[in-house]
Amino acid sequence: MTAAPNSNTFKSPGIEFVIGGLAAVGAGFFTNPIDVIKVRLQLQGELEARSTYKKIYKNTLHAGYLIAKHEGNTDIIKTAVVTGTAGCIGAVLGSPFYMIKTQLQAQSAQSIAVGYQHNYLGTWYAFKTLWKEGGIVALYRGWYAGIPRIFIGSATQLTTFDLAADWLRSSQVFINQPILLTFFASVIGGSCVAFTIQPFDVLATRLYNQRMDVEGKGTLYNGLLDAFVKIIRTEGLIGLYKGIFPTWMRIAPHTVLCLVFYEKLDQLYYNIFQN
C-alpha cells in the first residue's frame, strides 16, 4: 500500500513505510489473540479423517476459553508483540518471521495441544535453534508457503476495498466523513479477504508448523500441492476451511483497524507537517 485511502498528500516512501508500519502494529495488537485461535483450529485433526480424532477445541469461543484457562493472557500479549514486530519488518525479512510466529502460536499446554509442538522457549530461542539446524536455509524452510496467501490476500483486499470505497463515494453516503467511509469499505474488503485467503492460510499454517527430518524435509508435506492433495483426501474440502470463522474475526477487524489507523495517522501527518 503506497497511499492513504483518501489522501492526495505527497509523502516520501520513508514516511509511507513508517505510517503503514505503525498502522499494522496497532491492528496486529488487537487482532493477534484471534490469530492464535485460528492457528490452533487449523492444526486440529491434521491429516486425520473426520470423526476419527478427539476435538480438543469445539469451536472458536471454546478454543479461546481453553487457551485463556490453560495458558493465561501473558503468553497472548508476548505473542502479540512478536506478531506486531514481525509485521513492521515482514516486508523485508518475510518468511522466517511468519514461520516462527506460526510455530509459537501452535504451542500450547500439553492437554490441549494440536499439531506438532516445537517447544521453543521464545522467539530468540527459535531463531537460534533453526540457525543451528541449517543456517539461512533452515530459516527459509517453506518460504514458498506464504506466496499464494499473500498474493491472493493482498489482491483481494486492495481490489475490494477500492471498489467498495468508489461505490460509497458515488452513493454519497459519507460526504466529508473519510473515516466512516474507510471503515465500511474496509469491512467489505476484510470480509472478502477472509474467505478467499482461508485455504491458502491453512496450507501455510500446516507447512510452516510441520516437523522436519534430519535432512530438513517435511515429515508430512513435500510442498503446497502435496499438502493440498493430502488434506483433501483425508479431511475433505472442509479441511481447507478449518478456522474460517476466526480467520474472518481476525482479518476483517485487522483490515478495518489497519486502514483506519492509516487514515488517522495520515491526517495527523498532514496537520503537523503540511499546515
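## Overall architecture

Helices and strands are here DSSP runs, of at least four residues for a helix and at least two for a strand, numbered from the N terminus. On that basis, the order of elements in the chain from the N terminus is α-α-α-α-α-α-α-α-α. The chain thus holds 9 helices and 0 strands. The model is predicted.

The chain has 275 residues, and 47% of them count as buried. Among contacts with a separation of 6 or more, 76% are between residues 24 or more positions apart. The exposed area of the chain is about 14300 Å², and 65% of that area is supplied by carbon and sulfur atoms.

## The internal cavity

Rolling a probe the size of a water molecule over the atoms shows where empty space is left. Searching the whole structure yields 1 cavity of 30 Å³ or more. The volume of the largest cavity is about 30 Å³.

The lining of the largest cavity consists of Asp 35, Lys 38, Arg 149, Ile 197, Asp 201, Thr 247, Arg 250 and Ile 251. Classified by residue type, this lining comprises 5 charged, 2 nonpolar and 1 polar residues. At least two lining residues come from each of helix 1 (13-43), helix 7 (178-209) and helix 9 (244-273). Helix 9 contributes the most to the lining, with 3 residues.

## A buried loop residue: Ser 108

Ser 108 is located in the loop between helix 4 (95-106) and helix 5 (123-139). Is this loop residue buried or exposed? Ser 108 is buried, because its relative accessible area is 17% and the cut-off for burial is under 20%.

Which residues does Ser 108 contact, leaving aside its neighbours within four places in sequence? The contacts of Ser 108 beyond those neighbours are Arg 40, Tyr 57, Glu 71, Ala 113, Val 114 and Gln 117.

## An exposed loop residue: Lys 54

Lys 54 also belongs to a loop, in this case the one between helix 1 and helix 2 (60-71). Lys 54 has a relative accessibility of 73% and therefore counts as exposed, a class that requires over 50%.

Lys 54 and Gln 44 are 10 residues apart along the chain, and their C-alpha atoms are separated by 8.9 Å. The two loop residues described here thus fall into opposite classes, since Ser 108 is buried at 17%, whereas Lys 54 is exposed at 73%.

Terms used:
Residues are numbered from 1 along each chain as its sequence is written. This is a predicted model: local features need pLDDT of at least 70, side-chain atom pairs count only at pLDDT 80 or more; totals for chains, interfaces and linings use all residues. Side-chain values use heavy atoms; hydrogens and water are left out. Buried means under 20% relative accessible area, exposed over 50%, partly exposed in between (1.4 Å probe, protein chains only). Contact means heavy atoms within 4.5 Å. Accessible areas come from the Shrake-Rupley method with a 1.4 Å probe; for residues, only the protein chains shown count as cover. On a 1 Å grid over the protein atoms alone, a cavity is a set of points where a 1.4 Å probe fits but cannot get out, and a pocket is an open set with protein on both sides within 12 Å along at least five of seven lines; lining residues have an atom within 4 Å of a point. Grid points are joined across faces, edges and corners, and a volume is the space filled by probe spheres set on the points. Ala, Val, Leu, Ile, Met, Phe, Trp, Tyr, Cys and Pro count as nonpolar, Asp, Glu, Lys and Arg as charged, and the others, Gly among them, as polar.
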